[in-house]
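Colleague: I'm new to reading protein models, and I'd love some company on this one. Could we go through it together, one question at a time?

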Amino acid sequence: MIQKLALIGGNPVRTKPFPSWPIHNKTEEKSLLRTLRSGDWGRLQGKEVSRFENHFATAHGCAHGVAVVNGTVSLRIGLLAAGIEAEDEVIVPPYTFLSTATAVIECNAVPVFADIDLHTFNLDPTAVEAAITPRTKAIIPVHFAGQPADMRSIMAIAKKHNLFVVEDAAHAHGASYENRPAGSIGDIGSFSFQSSKNMTAGEGGIITTNNENLAESCRSIQSCGRIPGGPWYEHHVISGNYRLGEFQGAILSCQLARLEEQTSRRDRNGQYLAAKLSQLPGIYPQKRPSDCTRHSYHLFMLRIEAATFGISRNRVVEALCAEGIPCSAGYAYSLPQQPLFKNKAFGPYVPRARSRLNFAKAHCPNSDLLCQEQCLWLGQNLFLGSRKDMDDIARAFEKIYNQRNSLNSRTSANP
Ligand SMILES: Cc1ncc(COP(=O)(O)O)c(C=O)c1O
């Protein structure tokens, strides 16, 4: 039987909502009330944040965790602790959230974009090696969508050129690479707890490391440059107040207790869906190398080749949403194409480097292709459901593919 697409008036594949996010229950309520009643609302008085730091770091294979206000500041603090100085260069991917690159600018350093691999959507080590100059001091691989970057190659490049590695693990809570937790492989790991992330307290971030000196530097920078045990009004390095509050610490401990089970579920569902969708012509889910031992599926990403699938990516997004499958096209631009970078609108930062920077000419064709034409994202909460939910997503894709001609014969406002 021919099923008319919901976009043109047919019945949607699904009307039932997917699991909502964030997830919370009595444990969050109890912890919040306990914190409220204690009167110890700041980390300097209470124990919630420090307890959470220890548990999160241990769960991610690290001896130290330093909680901060978000996953942007955690990247910047990591770079400052690494000793990044004015106009040093830091290699970053172009296909990532703004902060990966602006954290570099806010250290008065220069982000240098190296393209991603078209199949894994993560930093391409060959492009990283090609981007190295005598000014390069660090690399920030992003474990995009929750799939660890090629850390074996990146760490080898870092060792060869004496570079510092900050893993941007904002999407990768609970993910692992060759059975090592994301955030424990480079010199420093950086996580976000912003509302959409796989663990959240509305906002928040954490730095993870196994290096005691780096941990000490990060701890100092997150609290106005103080040193442990030092006088309150004694400040040693340039920094600010980036301390996480106790209410957020209390919530995050509850979220962490669910992470293991939720990550396994997302990974199981994500792999199942990827296997189903790869059978469709022109659909290429994020390629999973064998070194990815756990994908946290903050996002399920895939490429659509319109010439083979028969419909443009933007039209597929519209059609899927109409079928009851929430999704998006993700980033509209690679970072170097963002007005901020094209116009070098960096405020007081990197004044001397500006004349030699031309981000408009950055060569990142894989990232550009994903942004402009091919990439589609499904959010992590969809993967907290059942196998039947995955079957619904797959059915919606199949329906759209089978009925592709009914869309192509119509004009679209969003081709
Ligand atoms: C890859 C990546 N890095 C860093 C961040 C910054 O985290 P936050 O929003 O907590 O500042 C995000 C947030 O969306 C992100 O996706």
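**Strands, helices and a ligand**

Modeller: Happy to! Let's start with a pair of strands: S10 and strand S12 (residues 299-304) run antiparallel and are joined by three bridges. Please keep in mind that this is a predicted model.

Colleague: Which residue in S12 does Ile-283 stand opposite?

Modeller: Strand S10 covers 283-285, and its partner S12 covers residues 299-304. Across from Ile-283, in S12, stands Ile-304.

Colleague: Which strands stand at the edges of the sheet that holds S10?

Modeller: This open sheet has three strands in the order S10-S12-S13, with antiparallel pairing. An edge strand here has a single partner strand, so one side of it is left without a neighbour in the sheet. That describes S10 (283-285) and S13 (375-379).

Colleague: By what angle are neighbouring strands of this sheet turned against each other on average?

Modeller: Direction is ignored for this value. The average turn between neighbours is 30°.

Colleague: And in the sheet of seven strands, which ones stand at the edges?

Modeller: That open sheet follows the order S1-S9-S8-S5-S4-S2-S3, and its pairing is mixed. Neighbouring strands are turned by 25° on average, direction ignored. Each edge strand has a single partner strand, so one of its sides lacks a neighbour in the sheet; these are S1 (64-68) and S3 (110-113).

Colleague: In what sense do S2 and S3 pair, parallel or antiparallel?

Modeller: Strand S2 (residues 89-92) shares four bridges with S3. In this pair, Val-90 stands opposite Pro-111 in S3. The sense of the pairing is parallel.

Colleague: Now the helices! Why is H3 called oblique to H7?

Modeller: Helix H3 (residues 73-81) and helix H7 (residues 212-221) have axes 9 Å apart and pack at an angle of about 125°. Angles of 65 to 115 degrees count as roughly perpendicular and those over 145 as roughly antiparallel, so the angle of this pair falls under the remaining label. That makes H3, relative to H7, oblique.

Colleague: How many nonpolar residues has the contact of H3 with H7?

Modeller: From H3 come Ile-77, Gly-78, Leu-80 and Ala-81, while H7 brings Leu-214, Ser-217, Cys-218 and Ile-221. Two of these residues are polar and none is charged. The nonpolar count is six.

Colleague: Last one: which residues come nearest to the ligand?

Modeller: The shell around the ligand has 10 polar, three nonpolar and one charged residues. Of the 14 residues there, the nearest are Gly-71, Thr-72, Phe-97, Ala-170 and Ser-192.

Terms used. Residues numbered from 1 in each chain as written. Predicted model: local features only at pLDDT ≥ 70, side-chain atom pairs only at ≥ 80, totals over all residues. Near = placed C-beta within 6 Å. Nonpolar A, V, L, I, M, F, W, Y, C, P; charged D, E, K, R; others polar. Axes fitted to C-alpha atoms, helices over the stretch in contact; angles between N-to-C directions. Helix = DSSP H or I, 4+ residues; strand = E, 2+ residues; numbered from the N terminus. Parallel < 35°, antiparallel > 145°, perpendicular 65-115°, else oblique. Contact = placed C-beta atoms within 7 Å. Pairing = 2+ DSSP bridges.
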